[in-house]
Amino acid sequence: MKVDYIVVGIGIAGISFCEQLRTNNKTFVVFDDASQKSSTVAGGLYNPVVLKRFTSVWKSTEQLDVALPVYANIEKRLDVKLDYKIPVYRKFASLEEQNDWFTASDKPLLSRYLSTQIIKNNNDFVNAPYGYGEVLETGRIDVKTLIEAYKRDLIKNRLLFETPFDYKNLQIENSGISYNSINAKYIVFAEGFGIKQNPYFKDLPLNPAKGELLTIHAPDLMLDFVLKAGVFLIPLGNDLYIVGATYEWKDLTNKPTGKARDTLLTKLDKLISCSYEIVNQVAGVRPTVKDRRPLVGMYQDYNNVFVLNGLGTRGVMIGPNVAKALYDFIEYNKPLDVEIDINRFA
C-alpha cells in the first residue's frame, strides 16, 4: 500500500490533521490502539475566556475561526451532531468579582466575548447569590460522538489499523517511510500522552495531567447553560450533566479514583442543593506542556517525521488550528509559529 501520510493516533489532534489531509486530497492511513483516553474524556467546551482570571485564551479568535468550520464539515460529511451552541455562565463569588468582570469586558481581546449584563440566579437549587457573567460565542463539541463516528468512517474506508504502533518496524529514509507493507512520504505522531513511549519525541517536555469527570443525573437541576464555579457543570440533555474536572500529576493511569470523585462531589455540593445520582466516572491523561502551548514540528534527524501533540485542556479549540499549521509547514514550507514549534525547547 502506498499513501502520502501515516497518522498515529485518532484523538482530537489526529482527527484534526486527517481533516487537513482530506481537504487537500491527500491519501493516508491511521494507527490507533485506543490506549489514550484524554480526548474521549474531554468535556469538549470551546470557550475563549480563561474564567479563573478573566483573561483571553491564547489566540482564541483565530482558533475558533479555523475550528468551527472543521467540525461543521465533519457533521455534514458523517451525518452526526457535534456542535452544541450553549452559553457559559461564570458564577460570581463576590461583588469584587463582578467589578473585575466589568473591568475585563473593556479590554480589546475580551469585549467581544464578555456580556456586561449581570445575570440573576433564579434557580433555587444553585448557590449563586451574586449571579453570573455570561461568556458569548461558546459551545460544546461532543468529542465522544466525534471520535466514534470518525473511527467508523475510517474503518468503512479501510483506513484504520486498530493495533499498537510498533516503532521498531518503522523504516525511515529521507526519500520516504515504510512501515510493514505501507509506504508513505510522511508520518505524523498525534499520540497524546503515548508520546512518552515514542523514541523520536519522548524527550519533549510533556507535563501530563490526569483529569477525571463525573456524569450525574439531576432531574431537579434544569440548567440550560454551562455553569462554571468551583467545578464546571455541562448539561448533556435528559437531566444528565458532566461535572469536572480534576488535575493530578503523579497517578498517570486511566483508572478513575475515589479521591477525584470525592474532590468533585465536595465542590459540587457547595454549588447545588438538589439530589442527584452519579451515573459514570471517567479518567484520562491530558497531554499538557509546561508553557501551555502545543508541541508541533519535525524530528531533527529526518525531514519526514512530525509531531502534533500537547493540546492540553483546550484541544477542541486548538486542534484544527495547529493541524493546519503543521500541514502548511510540511506541504508549503510555511514556518511554524515559534510559540508552538518544538524547536523552542532545543
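How exposed is Asp 291, in terms of relative accessible area? Asp 291 is partly exposed, with a value of 30%, where buried means under 20% relative accessible area, exposed means over 50%, and partly exposed lies in between (1.4 Å probe, protein chains only). The structure described here is a predicted model, in which local features need pLDDT of at least 70 and side-chain atom pairs count only at pLDDT 80 or more, while totals for chains, interfaces and linings use all residues. Residues are numbered from 1 along each chain as its sequence is written, and side-chain values use heavy atoms, with hydrogens and water left out.

Asp 291 is a friendly place to start with charged pairs. A salt bridge is a side-chain nitrogen of Lys or Arg within 4 Å of a carboxyl oxygen of Asp or Glu. Asp 291 makes such a bridge with Arg 344, with 2.7 Å between the closest N and O atoms. This pair links distant parts of the chain: Asp 291 sits in the loop between strand S18 (277-286) and strand S19 (295-298), whereas Arg 344 belongs to the segment after H6, 53 residues apart. The names of these elements follow DSSP runs, numbered from the N terminus, with helices (H or I) of at least four residues and strands (E) of at least two. Like its partner, Arg 344 is partly exposed, and its relative accessible area is 25%. Salt bridges that share partners also join Glu 19, Arg 22, Arg 77 and Asp 153 into one network. Across the whole structure, the search finds 21 salt bridges.

Another of these bridges joins Asp 203 to Lys 202, with the closest N and O atoms 3.7 Å apart. Here Asp 203 is exposed, at 68% relative accessible area, while Lys 202 counts as partly exposed at 38%.

Helix H4 offers a further example. This helix covers residues 143-156, and its 14 residues reach 20 Å from the first C-alpha to the last, close to the expected 20 Å; the expected span is 1.5 Å times one less than the number of residues. Within H4, the side chains of Lys 144 and Glu 148 meet in a salt bridge, at 2.9 Å from N to O. Because Lys 144 and Glu 148 are four residues apart in helix H4, about one helical turn separates them. Glu 148 is partly exposed, with a relative accessible area of 36%. The buried residues of H4 include Val 143, Leu 146, Ile 147 and Tyr 150, and also the charged-pair member Asp 153. Among the elements that cover the buried residues of H4 are helix H1 (12-23), helix H2 (60-78) and helix H6 (315-332). After H4 comes Arg 158, which has a positive phi, near 55°.

Helix H5 (residues 258-271) also agrees with its expected length: its 14 residues should span 20 Å, and its end C-alpha atoms are 20 Å apart. Its buried residues are Ala 260, Leu 264, Leu 265, Leu 268 and Leu 271. Seen down the axis of H5, these residues fall within an arc of 125°, so they line one face of the helix; the arc is that of the directions from the helix axis to the C-beta atoms. On the face turned away from this buried side, H5 carries the exposed residues Lys 259 and Lys 270. The cover over the buried residues of H5 includes strand S14 (209-217), strand S16 (232-237) and S18.

Helix H6 has 18 residues and reaches 24 Å between its first and last C-alpha, close to the 26 Å expected. H6 is mostly covered, with 14 of its 18 residues buried. Asn 333 follows H6 and has a positive phi, near 60°.

The loop between helix H3 (95-105) and strand S8 (132-135) holds Asn 121, and Leu 114 is found in the loop between H3 and S8 as well. Asn 121 is buried, at 17% relative accessible area. Its side chain reaches the backbone nitrogen of Asn 123 at 3.1 Å and the backbone oxygen of Val 126 at 2.9 Å. Leu 114 is buried too, with a relative accessible area of 3%. Leaving aside neighbours within four places in sequence, Leu 114 is in contact (heavy atoms within 4.5 Å) with residues including Val 49, Trp 101 and Glu 134. Leu 114 and Pro 48 are 66 residues apart in sequence, and their C-alpha atoms are 9.5 Å apart in space.

Terms used. A polar contact is a pair of N or O atoms within 3.5 Å; within protein, one must be able to donate a hydrogen and the other to accept it, and residues adjacent in sequence count only if both atoms are side-chain atoms.
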